[in-house]
Amino acid sequence: MYAFYFKSLIHSLPLFFKGLWITILVSGISLVAGTVLGIICGIFRTVKRWGLSRIMGAYADYMRGVPFLVHIFIIYFILPEVGIQLEPFPAAAIALTIYAGAYISEIVAAGILSVPRGQREAATAYGLNAFQQMRHIVFPQAFKVILPPLVGEYVLLIKDSSIVSVIGLTDVTRVGWLTVQRIPEGIMVFGLVGILYFVICYPLIHLSHILEKKVSYDAQ
Amino acid sequence: MIRFNDVNKWFGANHVLKDINLHIQPGEAVVICGPSGSGKSTLIRCINQLEPIQKGEIFVDNIQVNKRATNLTRLRSQIGFVFQQFNLYPHLSVLENVVLSPIKVKKIARREAEENARELLERVGIPDKADDYPSQLSGGQCQRVAIARGLAMNPKVMLFDEPTSALDPEMIKEVLDVMVELAVEGMTMIVVTHEMGFAREVAHRVFFMDEGQIVESNAPDAFFDHPAHERTKAFLSKIITHN
């Protein structure tokens, strides 16, 4: 029986790869969009004007205080009530982008604040405007601090993308759910799902470690 | 060149500058000394508006700096500032540190800016360090790069905020030598320092500050040999007994 299930699982592999592709696609898109959003919001978070810092703080607090599962329900089931109907894929991508953006903004803000005040002072004294200071002085230095946790955040994002299966997006987790109904070997099916996630996450985890070591080496 | 009219500044309830009046001529080198917390650094940081003032007027080259309409970028590009902690940009090479503002703020062509930067590095005695990074340099070398960075803007005034206080003793001289040369060449400069040898050698006037006020100002010989004020005497006796 076991061998039979294993064989059917092998036959289902293309489905798993299709699901994996959806996972990569949805997390890849939200990873890029979330990074852009996170950088902008992270910079705003450090601006002590126009209440920007507070607004960004509220956004991060929302994301931290509301479970991602509820967040995705809000986007997928509640937005149609106000006339915004989304397909599962864009809904998932938007939900993940907003989610990643919040956490990345925290990472970016912390990185920017880690740059010594004297750097901004020197740049100010030498006539660079706020944008030039960010572009040439602050951000390049903050980037080194930001990079390792940012890559770590990408890993979390890829894993958390499994939750989007609840709104019917056929990512690799949902393929697992569908397959286990035909092949009632949970360990085997979800073992495979786990391995597929691990295979894409592990290189990133490794990269994060390398970057962390490099940053602490540079700091010496 | 630089004029303060009844300048007052508070940090919260703390009154850090009290009715400061001063007038510095073009080509003049002025040393400001005084105990820590007396407002010396704050005073020079007000000149390029790193610190805002709450009352009074500051003029640089007849332009009032503490006015909304003043173009601060333009003003700052005429004032070189050297920090106690150097504040070089650690992610940029020495040469990039020096050319950044000339290129980005003064819009000078890169080639011209680099040529000028190399000349300045030669002038401060480290022409071979252009491609190094600040972390590879000694403190004295860093501070000389910082001076070159200031000079690269071709400023009308150079401000020094305790430029040798963060340096090991053996590196102080190499920085002071550069500063002496600048003063001799006629650069207008205001130097916050406790280097009394420097003050005697090149300063035209020495100011003594205490508790946010300029207590005494005089030519260096008179200042050191016949201090008028009790607080000045007390301060000088502390410094000199240690030398």
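**View 1. The interface between chain A and chain B in this predicted model buries about 1,600 Å².** Of that buried area, 59% lies on carbon and sulfur atoms. For orientation, the size of an interface is often given as the accessible area lost when the parts come together. Here, 16 residues of chain A are in contact with 23 residues of chain B. Among the specific interactions, eight residue pairs, both members at pLDDT 80 or more, are in polar contact across the two chains. Helices α5 (117-125) and α6 (130-160) of chain A each supply at least two residues of the side that touches chain B. The largest share comes from α5(A), with eight residues. By residue type, this side of chain A divides into seven nonpolar, seven polar and two charged residues.

**View 2. One salt bridge links chain A and chain B.** Its partners are B:Arg45 and A:Glu121, whose closest N and O atoms are 2.6 Å apart. Side chains of opposite charge can pair when their charged atoms come close. Do look at where each partner sits: B:Arg45 falls within helix α1 (residues 40-47) of chain B, while A:Glu121 falls within α5 (117-125) of chain A.

**View 3. Chain A is built from helices, with eight of them and zero strands.** Read along the sequence, the pattern is α-α-α-α-α-α-α-α. The C-alpha atoms of chain A fill a box of roughly 75 × 50 × 25 Å, taken along the principal axes. Zoom in on helix α2 (residues 52-65) of chain A to find A:Asp61 and A:Arg64. Their side chains meet in a salt bridge at 3.4 Å, N to O. Why do A:Asp61 and A:Arg64 stand about one helical turn apart? They are separated by that much because they lie three residues apart in the helix. A search of the whole structure finds 20 salt bridges over all chains.

**View 4. Four strands of chain B form an open antiparallel sheet in the order β2-β1-β4-β5.** At the edges stand β2 (14-24) and β5 (63-64) of chain B; each has a single partner strand, so one side of each is left without a neighbour in the sheet. Strand β1 (residues 2-11) of chain B pairs with β4 (residues 55-60) of chain B in the antiparallel sense over five bridges. To find your register in this pairing, start at B:Ile2, which stands opposite B:Val60 in β4(B).

**View 5. A hairpin joins β1(B) and β2(B), with two residues between the strands.** B:Gly12 takes a positive phi near 60° in this hairpin. The antiparallel pairing of β1(B) and β2(B) runs over seven bridges. Which residue of β2(B) stands opposite B:Arg3? The facing residue is B:His23. As you follow the strands, remember that in a regular strand the side chains alternate between the two faces of the sheet.

**View 6. The other sheet shown from chain B is open and has six strands in the order β6-β7-β8-β3-β9-β10.** Its pairing is mixed. The edge strands are β6 (79-82) and β10 (213-218) of chain B, each pairing on one side only. Neighbouring strands of this sheet are turned by 15° against each other on average, direction ignored. A good pair to examine is β7 (residues 157-161) and β8 (residues 188-192) of chain B, which run parallel and are joined by five bridges. Within this pair, B:Val157 stands opposite B:Thr188 in β8(B).

**View 7. Helix α1 (residues 40-47) of chain B lies across strands of the six-stranded sheet.** Those strands are β3 (29-33), β6, β7, β8, β9 (205-210) and β10 of chain B. Relative to β7(B), the helix runs at about 150°.

How values were computed:
Residues numbered from 1 in each chain as written. Chains lettered and ligands numbered in written order. Predicted model: local features only at pLDDT ≥ 70, side-chain atom pairs only at ≥ 80, totals over all residues. Heavy atoms only, no water. Pairing = 2+ DSSP bridges. Axes fitted to C-alpha atoms, helices over the stretch in contact; angles between N-to-C directions. Contact = heavy atoms within 4.5 Å. Buried area = accessible area lost by both parts, 1.4 Å probe. Salt bridge = Lys/Arg side-chain N within 4 Å of Asp/Glu carboxyl O. Polar contact = N/O pair within 3.5 Å; in protein donor to acceptor, adjacent residues only side chain to side chain. Nonpolar A, V, L, I, M, F, W, Y, C, P; charged D, E, K, R; others polar.
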